[in-house]
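User: I would like to go through the reasoning behind some of the labels used for this model, setting each value against its definition.

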Amino acid sequence: MGAGHVDMSRYMEMFMRHSEINRVVDDIPGGVRTTTQSTSPDLTAQLQAHVSSMYSHLDQGTEVMCMSSSLPTLFRHANGYRRQLTITPTGVIAEETADDPALTETIRAHAREVSGFVNEGMPAMMRGMMGCGGMMGPGMGGGMMGPGGMMGPR
């Protein structure tokens, strides 16, 4: 199983256990500081692995399939904004900032989308996927489990 399947499994676990995750988003100049935590050690490890993996995908230009309307823009402009990840004992603190006001708004929009995922779980994810033209993105093939998994890297 490729990294896409690992990522998808992690996403689904986090969506199913969203009520065990706490998230605070603070607007800072040029972007946001998000603090995402869990009191469950295994979920904490998944949060840490997820954000680390997403930042690796951004750094490598390996776009993650659509589940949010803001994520494709962040991938297209990955070199245009700064990301700093701090691993904490209970989760992660992520700071994302840009000099471009439009990109700053996209960063903030994505933070709101992720907060919706944390607050609502699967219903928010399904709305996000429908807003991206359904579950299939470019290169997805004929079903939910196309190349890279439903939400895996392209």
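User: What makes E1 and strand E2 a pair?

Analyst: Eight bridges join E1 to strand E2 (residues 31-38), and the two run antiparallel; since two strands pair if DSSP finds at least two bridges between them, the criterion is met. Strands here are DSSP runs (E, at least two residues), as helices are (H or I, at least four), numbered from the N terminus. Within this pairing, Val25 stands opposite Thr34 in E2. E1 and E2 form a hairpin with two residues between them, and Gly30 in the turn has a positive phi of about 85 degrees.

User: What kind of model is this, and how are residues numbered?

Analyst: This is a predicted model, in which local features need pLDDT of at least 70 and side-chain atom pairs count only at pLDDT 80 or more, while totals for chains, interfaces and linings use all residues. Residues are numbered from 1 along each chain as its sequence is written, and side-chain values use heavy atoms, with hydrogens and water left out.

User: Why is Ile21 called buried?

Analyst: Ile21, found in strand E1 (residues 21-28), counts as buried because its relative accessibility is 8%, whereas the term requires under 20% relative accessible area (exposed is over 50%, partly exposed in between; 1.4 Å probe, protein chains only).

User: Which residues does Ile21 touch, not counting those up to four places away in sequence?

Analyst: With contact meaning heavy atoms within 4.5 Å, Ile21 touches Met14, Thr36, Gln37, Leu43, Leu47 and Val118.
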